[in-house]
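Please open the model in your viewer and keep the sequence beside it, so that each selection can be followed in both. The tour moves from an enclosed space to a sheet, and then out to some loops.

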Amino acid sequence: KSHTNPVTTMVIWGGLRPIVHQILVDFWTLFGTGYVVVTEPSTEKESFLVAINAVSVLLDGDFTNRWSITFPMLPLLALQLLIRPNVYRSMQKNGRKKSFFNTYMVGLPSILLILIAAVLAVLFPAVELPLVYPSKYNVGVVDVFLPANIQYTTNVPGVHEDAREKTIDHLTVRILYPTLEEPEDPISHLKEETAEIFCHETMKHGAPPPLRKYDWMLHNWRLATIPATRNAQPLSNEEQPFPIVAFSHGLGGNADMYSYQTLSLAANGHVVVVVDHSDGSGPVVSRQDGTIIRRQVRVEEDWHNGNFQNYRKTRRAMVEFRSEEFLAAVNTMKSLNQQNIPALESLGIDFVGKLNVDEVHYMGHSFGAATAMYAGLQEPPTSIVAHDPVSGWLPDPVRFSLYELSRVERVASNYSYYWVSAEELANTAEYSGPSIHDIPTLILFSHEWHSQNWEGAALLHDMSEQNLLGNGSTKFQVQVIDGAKHNEFSDTSMMTP
């Protein structure tokens, strides 16, 4: 089924799609409040003012979900309800003419608060994520725990103790896939059971210091939706089974925050598995036993203490562990083409005979791009797509093969510009293992990442310009997206102006 962009879609801020019924709720609240403020006061209108704000909170599901509306309304309600008795007496003494107190101490501040609420409502809209148009299929989504058996240990000196050993018996993943089922109601963009913790951890570790305590500033994201059907039956396409795409999130991200890309891939004929990594790099991960894993920041101690070498060793160890999770998810997805698992059977979902296990693509962003590239060296896929890879966090085998000395020395003699030391490059001459250049790869750099030359982005771009990437017929390209920023590979650009 092919979809086209509906003419009824509302677009603001160059691409955000606000939820129409939420706009109506906001308008009703602001218009009704404004009517009460500018007209002659009465007990009935005061009751109406309280009622419309109460209804607004109920429709939004929580007091802080539309804080842009509810917070300015609090002082407005105080002005209107607490000072009204004085206003009545003042008006009676002055022949029912508005007093100075009523006009300048109540009326104007109230109007100002309404205007502030209106501006905040536009700056922090509740949005729906669209599918890329045109798209071929509806999309089903299932959040599930896949079986795994991973025991990771590293003895590399300098690796932080929190990254030295990891043992897990299951993976937390989201699977998105083509389906014939029409979405009756959009589903929540953030998983409802962990949305509040997600907002808290994201603000705590990603916001400017003065704002980190105010996690409610992201609560409008809890109203965001995606156009998919939860636990739908996967489409059967016997003549052309669907390729598999495995996706790895970046530092501070999770499966939810890459919904736009993964939805679009599923809507155009791919089955996408996104791993919520359990290494502490995401804001929150649900576990099968009901516990959760929050963002782990102790591994950043070396960075804050200026020990950058050990910090990179720790991140490289984390990439190794993340890659084991990633490959476990890939191999489990392949096995689902032959035999279902109880977790999916209980939901009525079956991928048997519907997957093209001979076509598997690896994707990732930032930390996840490094994960996908390292996983690709362990078990080569059909292709790799890496968004702003943190090449300094790549473990030795993939880093040495990527920056092979015989290739790099043809670009420049001064490597310091590229954030790559000559000493480290010398080690690549001794590497003789599998090469990342043998795998069809597309590296996409944001303009921000490339222009700042973060993690040697300029070196890879220059090597690509001189055709020094790939081997013979293997296509290995580096592209830069003009005007793009690093976080815009995630859904943040679809959620905020």
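Begin by selecting Asp 162, Ala 163, Lys 166, Asp 279, Val 299, Met 318 and Phe 321, which together line the second largest cavity of this predicted model. If you colour these residues by class, you will find four nonpolar and three charged residues in the lining, and no polar ones. The space inside this cavity comes to about 30 Å³, and the structure as a whole holds two cavities of 30 Å³ or more. As background, rolling a probe the size of a water molecule over the atoms shows where empty space is left.

**The sheet as a whole**

Now switch to a cartoon view and look for the open sheet, in which nine strands follow one another in the order E5-E1-E2-E7-E6-E10-E11-E12-E13, with mixed pairing. At its edges you will find strand E5 (229-230) and strand E13 (476-481), each of which pairs on one side only. It helps to remember that strands of a sheet pair through backbone hydrogen bonds, either parallel or antiparallel.

**Strand E6 and its neighbours**

Select residues 242-248, which make up strand E6. Is this strand enclosed by the rest of the structure, or is it open to the outside? Seven of its seven residues are buried, so E6 is largely enclosed by the rest of the structure.

Next, add residues 355-365, which form strand E10 and pair with E6 in the parallel sense over seven bridges. To find one place where these two strands meet, pick Ser 248, which stands opposite Gly 364 in E10. Then select residues 271-276, which are strand E7; E6 and E7 also pair in the parallel sense, here over five bridges. In this pairing, Ala 246 has Val 273 of E7 as its bridge partner. If you trace the chain from E6 to E7, you pass through helix H7 (residues 259-267), and this β-α-β crossover is right-handed.

Stay with the helix for a moment, for H7 is mostly covered, with eight of its nine residues buried. Among the buried ones are Leu 263, Leu 265, Ala 266 and Ala 267. After H7 comes Gly 269, whose phi is positive and near 100°.

**Asp 276 in strand E7**

Return to E7 and select Asp 276, which is found in that strand. Is this residue buried or exposed? Its relative accessibility is 3%, and since buried means under 20%, Asp 276 counts as buried. Show its side chain as sticks together with the backbone of Ala 255, because the side chain of Asp 276 reaches the backbone nitrogen of Ala 255 at 2.8 Å.

**From E7 towards the edge**

E7 also pairs with strand E2 (residues 165-179), and here five bridges join two strands that run antiparallel. Leu 176 of this pairing stands opposite Val 272 in E7. Select residues 138-153 next, which form strand E1; 14 bridges join E1 to E2, and the two run antiparallel. One position to label is Gln 151, whose bridge partner in E2 is Thr 167. E1 is joined to E5 as well, by two bridges, and these strands run parallel. There, Val 141 has Arg 230 of E5 as its bridge partner.

**Three stops in loops**

Select Asn 231, which sits in the loop between E5 and E6. As background for this stop, most residues other than glycine have a negative phi, and most peptide bonds are trans. The phi of Asn 231, however, is positive and near 60°, and the residue is partly exposed, with a relative accessible area of 30%.

Move on to Asn 467, in the loop between helix H16 (457-465) and E13. Asn 467 has a positive phi of about 55° although it is not a glycine, and its relative accessible area of 69% makes it exposed.

Finish at Asp 185, in the loop between E2 and strand E3 (187-188), which counts as exposed at 57% relative accessibility. How far apart in space are Asp 185 and Ala 228, C-alpha to C-alpha? They are 8.2 Å apart, although 43 residues separate them in sequence.

How values were computed: Residues are numbered from 1 along each chain as its sequence is written. This is a predicted model: local features need pLDDT of at least 70, side-chain atom pairs count only at pLDDT 80 or more; totals for chains, interfaces and linings use all residues. Side-chain values use heavy atoms; hydrogens and water are left out. On a 1 Å grid over the protein atoms alone, a cavity is a set of points where a 1.4 Å probe fits but cannot get out, and a pocket is an open set with protein on both sides within 12 Å along at least five of seven lines; lining residues have an atom within 4 Å of a point. Grid points are joined across faces, edges and corners, and a volume is the space filled by probe spheres set on the points. Ala, Val, Leu, Ile, Met, Phe, Trp, Tyr, Cys and Pro count as nonpolar, Asp, Glu, Lys and Arg as charged, and the others, Gly among them, as polar. Buried means under 20% relative accessible area, exposed over 50%, partly exposed in between (1.4 Å probe, protein chains only). Helices (H or I, at least four residues) and strands (E, at least two) are DSSP runs, numbered from the N terminus. Two strands pair if DSSP finds at least two bridges between them. A crossover is right-handed if, with the strands pointing away from the viewer, the path from the first strand over the helix to the second runs clockwise. A polar contact is a pair of N or O atoms within 3.5 Å; within protein, one must be able to donate a hydrogen and the other to accept it, and residues adjacent in sequence count only if both atoms are side-chain atoms.
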